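Trainee: Could you take me through one part of this model closely? I would like to look at the sheet in chain A, and then at chain B beside it.

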Amino acid sequence: MTERPTGEPLVRLSGVNKWFGDLHVLQDIDLTIDRGEVVVVIGPSGSGKSTLCRTINRLESIGSGEITIDGVRLPEEGKELARLRSDVGMVFQSFNLFAHKTVLDNVTLGPIKVRKQSKADAEKRARELLDRVGVSAQADKVPAQLSGGQQQRVAIARALAMDPKVMLFDEPTSALDPEMINEVLEVMVGLAQEGMTMIVVTHEMGFARRAANRVVFMDGGRILESADPETFFTDPSSDRAKDFLSKILNH
Amino acid sequence: MQFFIDNFPLLRDAFLTTLSMSLLAGLLALVLGTVLAAFRVSPITPLRGLSTFYVETFRNTPLTVVFFFIIFGLPQIDFAVGFFTGSVLAVGLYTAAFVCEAVRSGINAVNPGQAEASRAIGLTFGQSLREVVLPQAFRTVVPPLGNVWIAMVKNTSIAAGFAVSELTASLQRLSNANAGELLLVLLAVVIGYMLITLTSAYGISRMERRVAILR
């Protein structure tokens, strides 16, 4: 486990509430993530953890409360929101690579269209990133020709190409075959060690122990616990967390 | 055979008129229909309303009435267009409504994750539509757009009633002059339409195979 980072807040959620109709899916969420911090969000399905993750780049809107990134309040819509999103990398459970574009074009699209980089510059950087996540040999294929693990690593490279301030991972390994989970986790651990600020929704307890500075446990739309991994896994304070851990760790 | 040779210039001109009407109206319908489809899925409410209004108006009005409106109605508000231009406009504007609905169904068939991922890297709504959603939508709408196109080619025949010398008008003219050879006249006109529609059908099925994507 790495040292606790700078203490300078990067992402701040205060008093965030969200409803899906009558369903109160996020209830009074207060959460601050420091620059360089790796926060793992765990909890049973339906606990609101994915929704929480998606509110941070406003793929989900919120009912009340405030979210700021690097001191800037999330804009409601339009170009301002697009610009803010370009600073927040997102990795999805189902990869969501652009199906009609090659792997290389997937990674260069954002830098060319949003950052206005030249094609040559964007491709050079994209090849470096693909090399770093270990899929440079697949650069000219389309996503459907890749394995799930390879696709997810391309998705990470696509997000990194925007030089994001923070990376959101929404259950990045949940759609993968078991033998492909590690290749994705290795890339994520590498990122964490380099000091990337990361918010990771996952069921991978091994990753949480290895790379997280903090574990946030959610249930029923609330944050029930927020602790360092060692404390959380060995001595959780809430009964709900004890119950959850006993179910997932005893196999 | 002598009948075809004698009337070749007239049939050729009529064929070329139907073909150019189809191409011009088709282009208009494709461009306008795609813009309307983009409006229809846009986050801006007035644009969605405008597009819905357009589609429901043209889709639910008989094409002949649209012809009447453009060719005889527009001059009433000092906006006169010729018979040929008016016919192209009528067919193009009418067909745009159907193109819009076909393209919209294609947009809805694209996995929402594709649009989410493009928004997540900071593309604006317009960029996401152009770069990610529409290119994938068009692949699924090639067959329905093919249907719309073929129906549209045949719909240009209404222009015969509005003084445009296209294939159906030549049918009327030639059958008056060659009452004894009515079947030959019909054959000639049907061949004219089929030259366009069958070639299109072949082109469409080739395009369908070429743009088929791996998912």
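Mentor: Happy to; here is the sheet, followed by a portrait of chain B.

A word on conventions before we start. Residues are numbered from 1 along each chain as its sequence is written, while chains are lettered from A and ligands numbered from 1 in the order in which they are written. This is a predicted model, in which local features need pLDDT of at least 70, side-chain atom pairs count only at pLDDT 80 or more, and totals for chains, interfaces and linings use all residues, with side-chain values taken over heavy atoms, leaving out hydrogens and water.

The sheet of chain A is open and has six strands, in the order E6-E7-E8-E3-E9-E10, with mixed pairing. Strands here are DSSP runs of E with at least two residues, helices are runs of H or I with at least four, and both are numbered from the N terminus; two strands pair if DSSP finds at least two bridges between them. Strand E6 (88-91) and strand E10 (222-227) of chain A each have a single partner strand, so they form the edges and one side of each has no neighbour in the sheet. On average, neighbouring strands are turned by 15° against each other, direction ignored; axes are lines fitted to C-alpha atoms, for helices over the stretch in contact, and angles run from 0 to 180 degrees between N-to-C directions.

Within the sheet, E7 (residues 166-170) and E8 (residues 197-201) of chain A are joined by five bridges in the parallel sense. Leu168(A) has Ile199(A) in E8(A) as its bridge partner. Helix H5 (residues 148-160) of chain A packs on the sheet and touches E6 and E7 of chain A, its direction making about 170° with that of E6(A); contact means heavy atoms within 4.5 Å. Helix H9 (residues 239-249) of chain A also packs on the sheet, touching strand E3 (38-42), strand E9 (214-219) and E10 of chain A, at about 100° to the direction of E9(A).

Now for chain B, which comes to nine helices and zero strands. Its C-alpha trace spans about 70 × 45 × 20 Å along the principal axes. Of its 215 residues, 44% count as buried, that is, under 20% relative accessible area with a 1.4 Å probe, protein chains only.

On confidence, chain B averages a pLDDT of 91, pLDDT being the predictor's confidence in each residue, from 0 to 100. In chain B the mean is lowest in helix H1 (residues 2-6), at 81, and highest in helix H3 (residues 45-59), at 96. The model scores ipTM 0.88 and pTM 0.85.

How values were computed. Buried < 20%, exposed > 50% of the residue type's maximum accessible area, 1.4 Å probe, protein only.
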